[in-house]
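Please open the structure in your viewer and keep the sequence panel beside it, since each stop on this tour begins with a selection.

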Amino acid sequence: MSKPMMALEVQPGYEPLYQTLHEAAFQASRGKGEERLAGGKAFVDQPIFTIAREHGLAFLTGQAAKKLGEAHTLLSIFGEKRAITELYGAIVYTAAAIILLKEQEASKNSVIEELPATAVTAARHCTESLC
């Protein structure tokens, strides 16, 4: 049984953006992504993440770029519906890139918190000054 959707407060005038993001997430969770890749796994446990954890952020941004290019080709051959499907995929890959970066940041922060106090101070200084 699936969990109910989170209630989101949509700012007036941003409804089309929220609707589009929702449609991209729906496609990933119920469309081709679910049929071919998910196998009942949580989003962050699917191949999109296992591959990204192994190959890095460029995998996800490269896939998003590929989807954007394919949208142009599909638009000219098959029309708007197929192009929109590819654009949803680009949104999902971009969201996955953001999730991966947040995951990596949380992992760094948890490691930093386990260090002695002097090392934590030095690590934070280094992070802030990009050394």
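Begin by selecting K67 and E86, which form a salt bridge whose closest N and O atoms are 3.3 Å apart. K67 belongs to helix 4 and E86 to helix 5, so this pair ties together parts that are 19 residues apart in sequence. Are these two residues buried or exposed? Both K67 and E86 are buried, and buried here means a relative accessible area under 20%. Please keep in mind throughout that this is a predicted model.

Next, zoom out and colour the chain by secondary structure, which comes to six helices and zero strands, so that, in the terms used for such runs, the pattern along the sequence reads α-α-α-α-α-α. Of the 131 residues of the chain, 23% count as buried. Among contacts between residues at least 6 apart in sequence, 55% join residues that are at least 24 apart. If you switch on the surface, you are looking at about 9,700 Å² exposed by the chain, of which carbon and sulfur atoms supply 62%.

Now select helix 4, residues 57–78. At 1.5 Å a residue, its 22 residues should span 32 Å, and the C-alpha atoms at its ends are 31 Å apart, which agrees. Show the side chains of L60, Q63, A64, K67, A71 and L74, which are the buried residues of this helix. Then add E70 and K66, whose side chains meet in a salt bridge, 3.4 Å from N to O. Both E70 and K66 lie in helix 4, four residues apart, or about one turn of the helix. An α-helix has 3.6 residues a turn, so residues three or four places apart point the same way. E70 is partly exposed, with a relative accessible area of 27%, and K66 also counts as partly exposed, at 39%. While E70 is still selected, add R82: the two are twelve residues apart in sequence, and their C-alpha atoms are 9.6 Å apart in space. Just after helix 4 comes G79, whose phi is positive, near 105°.

Move on to helix 3, residues 47–55, and select its buried residues, I48, F49 and A52. They cover an arc of only 85° around the axis, which puts them on the same side of helix 3. Which residues are exposed on the other side of helix 3? There you will find E54 and H55. Just after helix 3, G56 takes a positive phi of about 95°.

Staying with helix 3, select R53 together with E103; the two form a salt bridge in which the closest N and O atoms are 2.8 Å apart. This pair links distant parts of the chain, since R53 sits in helix 3 and E103 in helix 5 (residues 80–114), 50 residues apart. R53 counts as partly exposed at 39% relative accessibility, and E103 is likewise partly exposed, with a relative accessible area of 30%. With this pair shown, you have visited the salt bridges of the model, for a search of the whole structure finds three. Side chains of opposite charge can pair when their charged atoms come close.

For the last stop, select L8, V10, Y14, L17 and L21, which make a nonpolar surface patch of about 460 Å². L8 is found in the segment before helix 1 (15–30), and at 55% relative accessibility L8 counts as exposed.

Technical notes
Residues numbered from 1 in each chain as written. Predicted model: local features only at pLDDT ≥ 70, side-chain atom pairs only at ≥ 80, totals over all residues. Heavy atoms only, no water. Buried < 20%, exposed > 50% of the residue type's maximum accessible area, 1.4 Å probe, protein only. Helix = DSSP H or I, 4+ residues; strand = E, 2+ residues; numbered from the N terminus. Arc of directions from axis to C-beta. Patch = residues over 30% accessible without salt bridge, like charges linked within 9 Å, V, L, I, M, F, W, Y side chains within 5 Å. Areas by Shrake-Rupley, 256 points an atom, 1.4 Å probe, with all protein chains shown as cover. Salt bridge = Lys/Arg side-chain N within 4 Å of Asp/Glu carboxyl O. Expected span 1.5 Å × (residues − 1). Contact = heavy atoms within 4.5 Å.
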